[in-house]
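Reader: I have a chain open on my screen and would like to talk through how its parts are held together. Could you take it piece by piece with me?

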Amino acid sequence: AAQGTMNNFTFGDEQYQYYETIAGGSGAGKITHPDGRVELFAGTDVVQTHMTNSRLTDPEVLEFRYPVVLEEFSIRQGSGGVGKVNGGNGGTRRIRFLQAMTASILSNRRRIAPFGLAGGGAAEVGANYIERADGRIEILDSSASAAMQRGDVFVIKTPGGGAYGEAD
């Protein structure tokens, strides 16, 4: 299975509104060619599997247009399933707010892991949480809205993809 979600993230106030979908891992698998050849393929790291022709706003543009700082957008190493061919890794996205706004997440695969096939391992589930400016951590469900204050960081960890085949 792929990440199984689009990780819809929005934030805004009366002046600013922003919406993005955040990529995760794709699943590994098998292709049987018309001539009978079988080919295994690994999953892909941090790719959109449920929405096409989309890309994220460049960090420089995001930070120029909105009162936020993109602190991290990275591959979430080890989040893809392990098998003969591994699933793709999900990503980690951290956005720090420079003023009060409302942020919302609509996501999935936060409790049930993207499965592997033919003995391949499942991927890691995703996670959503807020690191408050005062040091508190607020764990969020797969779908949630929260009032963000100056200095708060919204963290989204997207799921990986499942593996294919038993590991050697």
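Reader: Let me start in the middle: how many of the seven residues of strand 6 are buried?

Author: Six of the seven are buried, so strand 6 is largely enclosed by the rest of the structure. Buried here means under 20% relative accessible area, exposed means over 50%, and partly exposed is what falls in between, with a 1.4 Å probe and protein chains only. Strands (E, at least two residues) and helices (H or I, at least four) are DSSP runs, numbered from the N terminus.

Reader: Before going on, what kind of model is this, and what do I need to know about the values?

Author: This is a predicted model, in which local features need pLDDT of at least 70 and side-chain atom pairs count only at pLDDT 80 or more, while totals for chains, interfaces and linings use all residues. Residues are numbered from 1 along each chain as its sequence is written, and side-chain values use heavy atoms, with hydrogens and water left out.

Reader: Good. What does strand 6 pair with?

Author: Strand 5 is joined to strand 6 by seven bridges, and the two run antiparallel; two strands are taken to pair if DSSP finds at least two bridges between them. One of the residue pairs there is F73 with R93, the latter in strand 6. Strand 6 also pairs with strand 11, again in the antiparallel sense, over five bridges, and in that pairing R94 has V155 of strand 11 as its bridge partner.

Reader: And what is the strand order of the whole sheet?

Author: It is an open sheet of five strands in the order 5-6-11-8-9, with antiparallel pairing. Strand 5 and strand 9 (137-140) stand at the edges with a single partner strand each, so one side of each has no neighbour in the sheet. From one strand to the next the twist averages 15 degrees, where axes are lines fitted to C-alpha atoms and angles run from 0 to 180 degrees between N-to-C directions.

Reader: Back to R94: which acidic side chains does R94 meet in a salt bridge?

Author: One is E71, at 3.1 Å from N to O; a salt bridge is a side-chain nitrogen of Lys or Arg within 4 Å of a carboxyl oxygen of Asp or Glu. That pair links strand 6 (residues 91-97) to strand 5 (residues 68-75), with R94 and E71 lying 23 residues apart. Another is E131, at 2.9 Å from N to O. Since E131 belongs to strand 8 (residues 127-131), this second pair ties together parts that are 37 residues apart in sequence. Through shared partners, salt bridges join E71, E72, R94, R96 and E131 into one network.

Reader: Are those residues buried or exposed?

Author: R94 is buried, at a relative accessible area of 15%. E71 counts as partly exposed at 35%, and E131 is partly exposed as well, at 21%.

Reader: How many salt bridges does the structure hold, and where is K84 in that picture?

Author: The structure holds eleven salt bridges. K84 forms one with D168, their closest N and O atoms being 3.5 Å apart. K84 sits in the loop between strand 5 and strand 6, whereas D168 is in the segment after strand 11 (153-157), 84 residues away in sequence. D168 is exposed at 86%, and K84 is partly exposed at 47%.

Reader: Switching to the hydrophobic side, which residues touch the most other members of the largest nonpolar core?

Author: Among its 20 residues, those are F9, F11, F97 and F154; a nonpolar core is a set of buried Ala, Val, Leu, Ile, Met, Phe, Trp, Tyr and Cys residues joined through side-chain atoms within 4.5 Å. At least two core residues come from each of strand 1 (8-12), strand 5, strand 6, strand 7 (101-106), strand 10 (143-148) and strand 11. Leaving out residues up to four places away in sequence, F154 touches, among others, F9, R94, F97, Y129 and M148, a contact being heavy atoms within 4.5 Å.

Reader: One polar residue caught my eye too: what does the side chain of N128 reach?

Author: The N128 side chain reaches the backbone oxygen of D141 at 3.2 Å. N128 lies in strand 8, stands opposite L140 in strand 9, and is buried, with a relative accessible area of 2%.

Definitions and conventions
Polar contact = N/O pair within 3.5 Å; in protein donor to acceptor, adjacent residues only side chain to side chain.
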